[in-house]
Each structure stands twice: as C-alpha cells, then as structure tokens.
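Biologist: I'd like to learn how to read a model of a protein with DNA. Could you take me through it, one feature at a time?

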2 protein chains.
Amino acid sequence: MIAKKALHGRVPVTIGAMESSSTTSGGGTRREATRQKLYEAAVTLIAEQGFSATTVDEIAERAGVAKGTVYYNFASKSVLFEELLRHGVGLLTASLREAAEKTARDGGSKVDALDAMIRAGLVFIDRYPAFTQLYVAELWRTNRAWQSTLMVVRQQAVAVVEDVLREGVHNGEFSDEIDVPLTASALVGMVLVAALDWQSFQPERSLDDVHAALSRLLQGRVSGR
Amino acid sequence: MIAKKALHGRVPVTIGAMESSSTTSGGGTRREATRQKLYEAAVTLIAEQGFSATTVDEIAERAGVAKGTVYYNFASKSVLFEELLRHGVGLLTASLREAAEKTARDGGSKVDALDAMIRAGLVFIDRYPAFTQLYVAELWRTNRAWQSTLMVVRQQAVAVVEDVLREGVHNGEFSDEIDVPLTASALVGMVLVAALDWQSFQPERSLDDVHAALSRLLQGRVSGR
DNA sequence: GTTTTTGCACTGACCAGTCAGTTCAAAACT
DNA sequence: AGTTTTGAACTGACTGGTCAGTGCAAAAAC
C-alpha cells in the first residue's frame, strides 16, 4: 500500500466566507469553478431523484465535465454530497443571522427579527429550491454516512432562531412559558413546508404574498376578524 | 403471449381492519399477513435509507420471506412502495378527519378543531414515525414514478385542514384575509417538523408536552407575558 | 513544468426481476 | 375413514444489466 496521489483533502478553500464577489485574487480558482459546476449539477439531480438514484456519470455530464474530473476533485460521490450540504447550509445560516442582526441594529423588536428571518428563509428557498428539497429529504434519515454532518449543520441553523426566541423571553417580549427548541422547530417547519408547497404548487405567487400570509400566522392574527 | 398468472391486481382485501387473527374462513388471509409483514419491513428500511438505497433482498430478509414472495405479492419494488404510501396516508387522513368531526359534534370551535387535529397528527407521527419520515422525504421530489400518487394523497390530507379553515372563515371565527391553502400548508409543516424533531432529538418528552407547546403557538399566545 | 482536465476502457460488486420447482392445506374422490 | 388432486403461496439460484470507482496517457490550461 503506497500513498499514491489524491489530494482531495484540503483545497484552496473559499467556502465559509461566501460571496466575496469573485474576480481578482489569484487563488486556485479554476479548481473552484469546476467544483462549483459540480455542486450545481449535483444539487438539482439529487433533489429530483435522490442520492442513490443519481449516478456520477449523470452529474459529470450535466456539469459538462469528464467523469475523471469528478474524482480528481472529490474523493467519492458521498464526499461530494457532504461538501454540498455544508456549503448550502452555510449560506442559509449566514443569511438568517444577518437578517436577525440587521433587525437588531435597526432597533426592531424580536417579533420583527423573527419576521425578518422568515423572509430570509423564503428568499433562500426561492433562490435555492433544489437544495432545500434535498436537505429536507435527507434531514430525518438515519443510518446514512453523512448523518453527523447533517446534524451539526442543522443545529447551526436552528440555533439562530432559538437565540432570538431566548432573547425575546429574556426581555419579556415573549412568554417565559414557551418551549424554545420546540417553538424554533415549529417555526422552521412552518416556513419550510409553506415555501416548498408554494414552489411546487403555486409558483406564480409572489414572495411578498407568501411572506404576508406567514407573517399573519406568526403574529396570531388569524382568529378574530 | 398468454395471460400467465400474476394476480397482483386485486387481492382478497382486508387492509383497513387488521388482525382478523386467522383460522376459520378459507379467505386469503395468508396473503394479507405476508403483505403486512412486507409493508412493515419496507417502511423502516426505506425511512432509514431511502427508496433506491433499499434493496428488495433486504426487505424480504427483514420480513422473513423469500425474495420471490415479494414479487408474488407486488408487481415491482415501486408498486410495493406506492401501495405503502396509499395505505399510510389513508390512515392519517382518516384520523385527521375524525378528530375534526368529533370536535364539531361536541360543539367545539374551529380553533378547537385545529387543535384536535394537531393532536391527531402528533399521535399519528408518534405511532408511525418511520412512515412519516419516508413521506416527508419523498413529498417534494419530482421526476419519480409515484409522483402522482403522492400528490393525490397529499391533497387529501391537506384538504381536511383547509376545510376547517374555510369553515372558520365562513362563520367569522377566522379573519377572511387569511390565505387558506398556504395557512394549511404552514400548519401541517409546523406539526410535521416539530414532531420529527421531537422524535429525533428529544424522544423522552411526552406527547402532551409537545402538544401544549404547539397549541400555544397556534393560538398566538407566544407574545405577551 | 506543474496542475488540472480529458477520454475511455475496464473491473468487480451489486441488484431488480425471473422462473422452474417445492410446500401444504383444503377440496374431491374412493 | 383414507387417498389423491389441485392450485395458491412461496422459494432461491440465476441472469442481464448497471454503476462506483480505477488507471493512465495525452492534451489543455496556467
């Protein structure tokens, strides 16, 4: 057994800090561009068909790349998928956190923060519907290789919501009887399912429209006339 | 081409009312027992691993049956899965509808009906967690053979919620500004995600506990002290 | 001249679906 | 009663195909 080559391990890395726009910087950019193409190809295929039903040949073809290139860039099919998950949830978490922080900066209430996060969630799902689909499909599975990755990454996202709830309880804006983790889950679920149904069954509706409906539900303005 | 055998089409049928025990009557009870075992084996395996990653051999083995028996009872792997879906969502829909009707009979309000349905949903998920997982994982996929089955079956379940909302709007209990389909989706999502997270991450909590938290959210008793 | 990509042939494992044959309990017959 | 027949239910070895991952020489990009 000799070491061979295979340098999948670490790569230039840009991931974490998203959207540094691009251009400039001489970093190993070609590599990164290929990886990006592979992510995009994989995300839609896996969202449609599931992980196991999607072949590496399909991914390569859709990305316009040779099969060998996939394995030059990723150690295996499941590693590609895991990195895709990390990448995507990173974007979501950042977006939620930013929405919460902006509201705080502008002196909004915690309900305003939740509302802003609902909107941020909708915007994310609107922009990356395939990723969202795939994430939901995998989230509650057990016995899969990437289970732990998924858990970590889920907790990061939910934690942002929990933080806002906890702060709201602390400053008296929310009842101290609410169950923070469960309420956070429920809110995430509300947005997730409503948004996916929106995308699947009434894609013609505007984001504002959907946001308004969810906002009303959040603020308990359902009952009463 | 002669007809051959293969009688997958119609079968004695007992489904709904399980456990007619055995003995007596020459009725095809054996068949139904085998199918039930296959459903049970398939539902957990597919929930854990996904449809494509689950092999027919595994299903047969877990059910304690030979592979050929699977094909004697179902035309194909995906037909088995489709019938499983129909079976499961049938149970859910019936349970939701019953909860709503009972509330109406007892002269409860529409909010009470929604609350009863939330509880019914939780009870269902508590009893059939694997089925729920699998259902969520498949619901928003596209390009799959059972797409249409899934849509029909989804609509049946959501329609029960929509009906209650619509009645509530009609009798003035709910604002006529609410968006019925979207609110229904959001409510379903709230329960679904909260329940799955409950099962996955805090299984020690009681159903009443979880129900109370969701109830509070439904009634907008989150804000305020 | 080093890194990355290509193209393509190849392997070995795995898997959906088939089919000839077996089991067995309830009829049918004696 | 006992014996034979029937056929639905079940079995498991087998087949044909698919797919993840490999190997490598040559080209392209930087």
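**Reading the DNA surface and the helix packing**

Modeller: Gladly! Keep in mind that this is a predicted model. Let's begin at the DNA: a backbone N or O atom of Ala66(B) lies 2.7 Å from a phosphate oxygen of DNA strand D.

Biologist: Which other residues make contacts to a phosphate oxygen of DNA strand D?

Modeller: Tyr71(A) is one of them, with an N or O atom in its side chain 2.9 Å from a phosphate oxygen of the strand. Lys77(A) uses a polar backbone atom instead, at 3.1 Å from a phosphate oxygen. When you read such pairs, note whether the protein atom belongs to the backbone, as for Ala66(B), or to the side chain, as for Tyr71(A).

Biologist: And how many residues are around DNA strand D, and which come nearest?

Modeller: There are 19 residues around DNA strand D, and those that come nearest are Lys67(A), Thr34(B), Ala66(B), Thr69(B) and Tyr72(B). On the DNA side, sugar and phosphate make up 75% of the strand D atoms that come within 4 Å of the protein.

Biologist: Which helices supply that surface?

Modeller: Helix H3 (67–73) of chain A, helix H1 (29–49) of chain B and helix H3 (67–73) of chain B each supply at least two residues. H3(B) has the largest share, four residues. Sorted by class, the surface near strand D holds six nonpolar, seven polar and six charged residues.

Biologist: Let me try the other strand. Which residues come nearest to DNA strand C?

Modeller: Of 18 residues around DNA strand C, the nearest are Thr34(A), Thr69(A), Tyr72(A), Lys67(B) and Tyr71(B). Here sugar and phosphate account for 71% of the strand C atoms that come within 4 Å of the protein.

Biologist: What polar atoms face the phosphate oxygens of DNA strand C?

Modeller: Thr69(A) places a polar side-chain atom 2.5 Å from a phosphate oxygen of strand C. Asn73(A) also uses its side chain, with an N or O atom 3.0 Å from a phosphate oxygen. Val56(B), by contrast, offers a backbone N or O atom, at 3.0 Å. The elements giving two or more residues to this surface are helix H1 (29–49) and H3 of chain A, plus H3 of chain B. H3(A) gives the most, with four residues. The class count near strand C is six nonpolar, eight polar and four charged.

Biologist: Now the helices. How is the packing of two helices described?

Modeller: Two packed helices are described by the angle between their axes and by the distance between those axes. Take helix H8 (residues 180–201) and helix H9 (residues 207–218) of chain A: their angle is about 150°, and their axes are 11 Å apart. H8(A) and H9(A) are therefore roughly antiparallel. Their crossing is right-handed.

Biologist: What residues meet there?

Modeller: From H8(A) come Leu187(A), Met190(A), Val191(A), Ala194(A) and Trp198(A), and they meet Leu207(A), Val210(A), Leu214(A), Leu217(A) and Leu218(A) of H9(A). The contact has 10 nonpolar residues, no polar and no charged ones.

Biologist: What is the angle between H1(B) and H4(B)?

Modeller: H1(B) and helix H4 (residues 77–105) of chain B cross at roughly 90°, and their axes come within 10 Å. That makes the two helices, H1(B) and H4(B), roughly perpendicular. H1(B) brings residues including Arg35(B), Tyr39(B) and Ile46(B), while those from H4(B) include Phe81(B), Glu83(B) and His87(B). By class, this contact divides into seven nonpolar, two polar and two charged residues.

Biologist: And how do H1(A) and helix H2 (residues 56–63) of chain A cross?

Modeller: At roughly 130°, with axes that come within 8 Å. H1(A) and H2(A) are therefore oblique to each other, and their crossing is right-handed. Among the H1(A) residues in contact are Leu38(A), Ala41(A) and Glu48(A), and among those of H2(A) are Ile59(A) and Arg62(A). The contact of H1(A) with H2(A) has six nonpolar, two polar and four charged residues.

Biologist: One last feature: where is Gln147(A)?

Modeller: Gln147(A) is in helix H7 (residues 147–170) of chain A. Sequence and space are worth reading side by side here: Gln147(A) and Glu82(A) are 65 residues apart in sequence and 9.5 Å apart in space, C-alpha to C-alpha. Leaving out residues up to four places away in sequence, Gln147(A) touches Arg141(A) and Thr142(A).

Methods
Residues numbered from 1 in each chain as written. Chains lettered and ligands numbered in written order. Predicted model: local features only at pLDDT ≥ 70, side-chain atom pairs only at ≥ 80, totals over all residues. Heavy atoms only, no water. Near = heavy atom within 4 Å. Polar contact = N/O pair within 3.5 Å; in protein donor to acceptor, adjacent residues only side chain to side chain. Nonpolar A, V, L, I, M, F, W, Y, C, P; charged D, E, K, R; others polar. Axes fitted to C-alpha atoms, helices over the stretch in contact; angles between N-to-C directions. Parallel < 35°, antiparallel > 145°, perpendicular 65-115°, else oblique. Left-handed = near helix turned anticlockwise from the far one by under 90°. Contact = heavy atoms within 4.5 Å.
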